[in-house]
Amino acid sequence: MKTIAITTGDPAGIGPEVVLKALLSFVQRGNGCFIIDGIETLPVITGDASVIGDAIKRFRLPFKVEIIENSDEHLRKPKAESRNKRNTLFCIDARSLRSFAKCRPDADNGSAAVGYIKKAVELALSKKVDAIVTAPVSKEALKLAGYRWPGHTEMLAELTAAKDFAMMFSGGPLKLILATIHVPLIDVPGLITRKRVLKTIRLAKRACDMLMINNPRIAVAGLNPHAGEAGILGKEELREIAPAVNKAREEGLPVYGPFPPDVIFHKAYRGEFDIIVCMYHDQGLIPLKMIAFDKGVNVTVGLPIIRTSPDHGTAYDIAWKGVADPSSMIEAIRMANRLKAED
């Protein structure tokens, strides 16, 4: 049996709804466990039980919440009195919100969402759960709450003391990893260094190992149109990216490029490559969301724990209306269940 901690994300957003709807899509046994891709899995929700209860009632879902403690006995094996109870969801109750604002960024919600994440990370680091899945948080709510992290990735890296990490995305036939993450586009060229690109190539190989892709083919995208056109349209490929690719090859990594960005995604889509190293956020996310908007998954590579999340935000505009699509959360849970932990 696997145990997965699932955070409910920002209470004001669609996180509580998509978590519950995702779990409803899986078959549940009488012991509280779900069968996910043939694997018996115990999801443990970290959040406010009051928020989860509110969502269950509002969306008329056939669940009931049972609050548990974070002991090995409770997490690895449901309590004896809970066995043979169907439609029971186990929750480690944060008890951080008496009431909460819906459909907008709020400092209390931002603080609560961080608490849910910290609890899930604590469980994963102590090996009480096998993986964590995080529902979306709001960067604005985090800022209102006084936190400086621009998002989940940087927060998780700090909480787990990870030094080399990256965002990897999977959707349809595409898998990609980002050399730069949440930075303004104007700052990207100065951040594209040999060291950073080489580190990301190495993390791409680690991502393939986690996905159990044997003999992976790693492609590297250029930064500029036509990958710089031999320096005519930009020097980053000649000075930084190509030398990083050559160094990675010397290390024995199966990497190729840099390729023109307008070509490499089509090649990967056709199956010529297993993962693309992208230079900046939208370079990779635009093509991925074009083909897998509702089913993209984000994986943080380089952490000492397994972490996945849906590839969407809090969606305040549709939150708490019962119309949120849980497809991406479903895929995030499935991927967390099948990823191989890094050695």
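# A chat about helices, cores and odd residues

Visitor: Hi! Let me start with one residue: is Ala227 buried or exposed?

Guide: At 13% relative accessibility, Ala227 counts as buried, because buried means under 20%. Keep in mind that this is a predicted model.

Visitor: Okay, and where is Ala227 in the chain?

Guide: Look in the loop between β10 and α9 for Ala227.

Visitor: What about its backbone, what is the phi of Ala227?

Guide: Ala227 has a positive phi of about 55°, although it is not a glycine. Asn215 is another residue to look at here: its phi is near 50°, again a positive value in a residue other than glycine.

Visitor: So is Asn215 buried or exposed?

Guide: Asn215 counts as exposed, because its relative accessibility is 70% and the cut-off for exposed is over 50%. You'll find Asn215 in the loop between α8 and β10, the strand of residues 218-221.

Visitor: Let's move on to helices. How do α8 and α9 pack?

Guide: Helix α9 covers residues 236-250, and helix α8 covers residues 194-210. The angle between the two is about 45°, and their axes are 8 Å apart. That makes them oblique to each other, and their crossing is right-handed.

Visitor: Which residues meet there?

Guide: From α8 come Arg194, Val197, Leu198 and Ile201. On the α9 side they meet Arg239, Glu240, Ile241, Pro243, Ala244, Val245, Lys247 and Ala248. By class, this contact has 8 nonpolar, no polar and 4 charged residues.

Visitor: In α8, those numbers seem to skip along by a few, as in 194, 197, 198 and 201. Why would residues three or four places apart point the same way?

Guide: An α-helix has 3.6 residues a turn, so residues three or four places apart point the same way.

Visitor: Nice. How do α4 and α6 pack?

Guide: Helix α4 (residues 107-125) and helix α6 (residues 152-160) have axes 11 Å apart and meet at an angle of about 45°. They are therefore oblique to each other, and α4 passes α6 in a right-handed crossing. On α4, the contact is made by Val114, Ile117, Lys118, Val121 and Leu125, and on α6 by His152, Met155, Leu156, Leu159 and Thr160. This contact divides into 7 nonpolar, 2 polar and 1 charged residues.

Visitor: Now for the inside. How many residues are in the largest nonpolar core?

Guide: There are 71 residues in the largest nonpolar core, and Leu23, Ile177, Ile201, Met279 and Ile333 touch the most other members. Helix α8 gives the largest share of this core, with 8 residues. You have already met Ile201, as one of the α8 residues that meet α9.

Visitor: And what does Ile333 touch?

Guide: Not counting residues up to four places away in sequence, Ile333 touches Ile4, Ile6, Ala22, Leu23, Phe26, Ile36 and Val133. Apart from this core lies another one, of 43 residues, including Ala113, Ile132, Phe165 and Leu303.

Visitor: You mentioned Ala22 and Leu23. How many residues of α1 are buried?

Guide: In helix α1 (residues 15-24), 9 of the 10 residues are buried, so this helix is largely enclosed by the rest of the structure. Ala22 and Leu23 are among the buried ones, along with Gly15, Pro16, Glu17, Val18, Val19, Leu20 and Lys21.

Visitor: What do the buried residues of α1 pack against?

Guide: Their partners are the strands β1 (2-7), β3 (34-36), β4 (39-47) and β6 (88-93), plus the helices α2 (49-58) and α12 (327-338).

Visitor: Any unusual peptide bonds?

Guide: Yes, have a look at Gly257 and Pro258: the peptide bond from one to the other is cis, with omega near 5°. Pro258 lies in strand β11, residues 255-259.

Visitor: What about Pro287, where does that one lie?

Guide: Pro287 lies in helix α11, residues 281-292. Leaving aside neighbours within four places in sequence, Pro287 is in contact with Leu174, Phe265 and Asp282. Pro287 and Phe265 are 22 residues apart in sequence, and their C-alpha atoms are 7.4 Å apart in space.

Visitor: Last one: is Gly296 buried or exposed?

Guide: Gly296 counts as buried, at 0% relative accessibility. Gly296 is in the loop between α11 and β13 (297-301). Beyond its neighbours within four places in sequence, Gly296 is in contact with Ser170, Gly171, Leu288, Ser309, Pro310, Asp311 and Ser328.

How values were computed. Residues are numbered from 1 along each chain as its sequence is written. This is a predicted model: local features need pLDDT of at least 70, side-chain atom pairs count only at pLDDT 80 or more; totals for chains, interfaces and linings use all residues. Side-chain values use heavy atoms; hydrogens and water are left out. Axes are lines fitted to C-alpha atoms, for helices over the stretch in contact, and angles run from 0 to 180 degrees between N-to-C directions. Helices (H or I, at least four residues) and strands (E, at least two) are DSSP runs, numbered from the N terminus. Angles under 35 degrees count as roughly parallel, over 145 as roughly antiparallel, 65 to 115 as roughly perpendicular and the rest as oblique. A crossing is left-handed if the near helix is turned anticlockwise from the far one by less than a right angle, and right-handed if clockwise. Contact means heavy atoms within 4.5 Å. Ala, Val, Leu, Ile, Met, Phe, Trp, Tyr, Cys and Pro count as nonpolar, Asp, Glu, Lys and Arg as charged, and the others, Gly among them, as polar. A nonpolar core is a set of buried Ala, Val, Leu, Ile, Met, Phe, Trp, Tyr and Cys residues joined through side-chain atoms within 4.5 Å. Buried means under 20% relative accessible area, exposed over 50%, partly exposed in between (1.4 Å probe, protein chains only).
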